[in-house]
Amino acid sequence: QNRRSQSVLKMGARLSVLAAVSLTLVGSGKAFLQSPLMKATQMRKLSQQATSSRHATPALRMALSMPLMAPLPSIEGQLPDCPVTKWSNDNIDIAAEQAKYQKEGIAESLLTITATAEDNAKGLDFFIENKERIMQHMTQNGAVVFKNFDMSKDPEGFRRVWETLEFAPCLDPIHSSGLRSFLSAKDGIYEEVNKKSLAKHYIGLHNESTFKKTATYGAFVCFSPATVSGGEFFIADGAKIFRDLKQEVVEDLYGRGIRISVSNLDLGFLGVLGPMKEKGMDFFKGLVATAVAPKFDMDLDMIYGADGNPDRLQAIEHKQSPINRHPVSGSPVWFCNVHNHARYLRDRRPCSVPEVGMTDVYYGNLEKLPSDTLDHINDVSNKHIQNLAMEPGDVLLIDNYRMLHGRQTFEGDRLHAVSWFRKGDEEVLNVAAPNPLNALINQFIK
């Protein structure tokens, strides 16, 4: 019996380590899952909002009156994998491309469509009638926001909108980790970063991508804005950021490449092992590489001491370009998450992510980026940020290869959500069912 107890304790310890390490490999607030209880509470709030609308003024009731629709079939477990990242970054003449943008100009990225009572009375017919205009702007400019629409005030209505526009849903780029939480799995809708523990964490500009996978489009919806203050969603145009960055900064980063560290695992406690410390460090490196990292389907190297701390194990993505040609237009855009992931910038902003989830950005050879380079990227990025005060039912569509997104800090309760999409003509890749160990680890993380 004593041997059996020791065996159980060892297994529990190993799973706890795996759970902790799994958490480190996400590197952003989105990794922190919402509890089922909190999610149920939020879904009840949506139901209450819908009920309260039935007691609205006659004019509002008329705007809300829509034909009864049959319930949508569930798509839970049917979403294809997020498509592979479309890299096209060879032989970009940065000076010439920046000069071209300066000469030709860049049109306004965001198209705002505000519903009238007549638009709401049309229901989904409005989106059918305006589909060509909406998609043309998305293709040429990057983003469309729908405001004051009633159809999209609950998950099923939100799904009806993007299905009417014929978007092809897919999984989040790191869905395979099990750390992306669905708000409504039957409708293919993920929860955004709403947890109160991350309310004071500023989420910088980023594309929803890894070196290996990138969603083509995204649709963000507000079901409830922050009840006290803040929480604005924001976007910035990657074409404009590329145009306005100093030529020498872009050429330096483009020539040397960048690498993004997505986690920190501090193992200084292994010092108690004395002469066996090195073997302990090798053990943990192997454990992360073989038992945890594959869950994330990312090209990661496990490296000690990249940031100067010899006892810190970091999971670092492979070398990549900070700029990329847009897969449709062929024009170069800033396609880089440095504004969100650089440790230097995070340390100078509101940040409530624990050390294990802190990220950083290096040159391709793992040298640190100079502070003046990061300050310049920050200044140019901030210049192009558009804050969007979204109300219930507001929907933002973005071209994820062009538009970067982020979120301000907030107070109170907040409920935003997102669905991700393929272009629609890619090879459909289905995701293998998670193995029992992954499922067990994810229970620890929740």
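This is a dialogue on reading a predicted model of one protein chain.

User: What does the chain contain, in helices and strands?

Analyst: The predicted chain has 15 helices and 20 strands. Of its 446 residues, 54% are buried.

User: What share of contacts joins residues at least 24 apart in sequence?

Analyst: Among contacts between residues at least 6 apart in sequence, the share is 84%. The accessible surface of the chain is about 19700 Å², and carbon and sulfur atoms account for 54% of that surface.

User: How do I read one helix? Which residues of α4 are buried?

Analyst: Start with the general idea. An α-helix has 3.6 residues a turn, so residues three or four places apart point the same way. Now the case here: helix α4 runs over residues 94-104, and its buried residues are Ile94, Gln98 and Tyr101. These residues lie on the same side of α4, because they cover an arc of only 60° around the axis. Lys103 and Glu104, on the other side of α4, are exposed.

User: What do the buried residues of α4 pack against?

Analyst: They pack against two helices, α9 (238-244) and α10 (247-256), and two strands, β13 (323-325) and β14 (332-334).

User: What about the backbone around this helix? Which residue just after α4 has a positive phi?

Analyst: Gly105, with a phi of about 80°. The general idea is that most residues other than glycine have a negative phi.

User: Where does a residue that is not a glycine have a positive phi?

Analyst: Asn91 is one case, with a phi of about 55°. Asn91 sits in the loop between α3 (58-64) and α4, and is exposed at 74% relative accessibility. Asn148 is another residue with a positive phi that is not a glycine, at about 70°. Asn148 belongs to the loop between β2 (143-147) and α8 (155-164). With a relative accessible area of 45%, Asn148 is partly exposed.

User: Next, salt bridges. How many does the structure hold?

Analyst: There are 25. To read one, look for a side-chain nitrogen of Lys or Arg within 4 Å of a carboxyl oxygen of Asp or Glu. Then ask where the two residues lie in the chain.

User: Where do the partners Arg402 and Asp237 lie?

Analyst: Their side chains meet in a salt bridge of 2.7 Å, N to O. Arg402 is in the loop between β17 (395-399) and β18 (403-407), and Asp237 is in strand β9 (residues 233-237), so the pair ties together parts that are 165 residues apart in sequence. Both Arg402 and Asp237 are buried.

User: How many residues apart are Arg256 and Asp252?

Analyst: They are four residues apart in helix α10, about one turn of the helix. Their salt bridge has an N to O distance of 3.8 Å. Arg256 is partly exposed at 29% relative accessibility, and Asp252 is partly exposed at 24%. Salt bridges can also share partners, and one such network joins Glu156, Arg159, Arg160, Glu163, Lys186 and Asp187.

User: Is Asp150 buried or exposed?

Analyst: Asp150 is buried, with a relative accessible area of 10%. Its salt-bridge partner is Lys153, and the closest N and O atoms are 3.2 Å apart. Lys153 is partly exposed at 33% relative accessibility.

User: Now the interior. How many residues does the largest nonpolar core have?

Analyst: That core has 52 residues, and those with the most contacts inside it are Phe146, Phe167, Ile235, Leu396 and Leu397. Strand β7 (residues 217-224) gives the most to this core, with six residues. To picture one member, take Leu397: leaving aside residues up to four places away in sequence, Leu397 touches residues including Ile134, Met138, Phe146, Leu165 and Phe167. Another core, of 48 residues, lies apart from the largest one, and among its residues are Phe234, Phe242, Ala315 and Leu374.

User: Which residues form a nonpolar patch on the surface?

Analyst: Val272, Leu273 and Met276 form one, with about 300 Å² of accessible area together. Met276 lies in the loop between β10 (258-266) and α11 (277-292), and is partly exposed at 44% relative accessibility.

Technical notes:
Residues numbered from 1 in each chain as written. Heavy atoms only, no water. Buried < 20%, exposed > 50% of the residue type's maximum accessible area, 1.4 Å probe, protein only. Arc of directions from axis to C-beta. Contact = heavy atoms within 4.5 Å. Core = buried A, V, L, I, M, F, W, Y, C linked by side-chain atoms within 4.5 Å. Patch = residues over 30% accessible without salt bridge, like charges linked within 9 Å, V, L, I, M, F, W, Y side chains within 5 Å. Areas by Shrake-Rupley, 256 points an atom, 1.4 Å probe, with all protein chains shown as cover.
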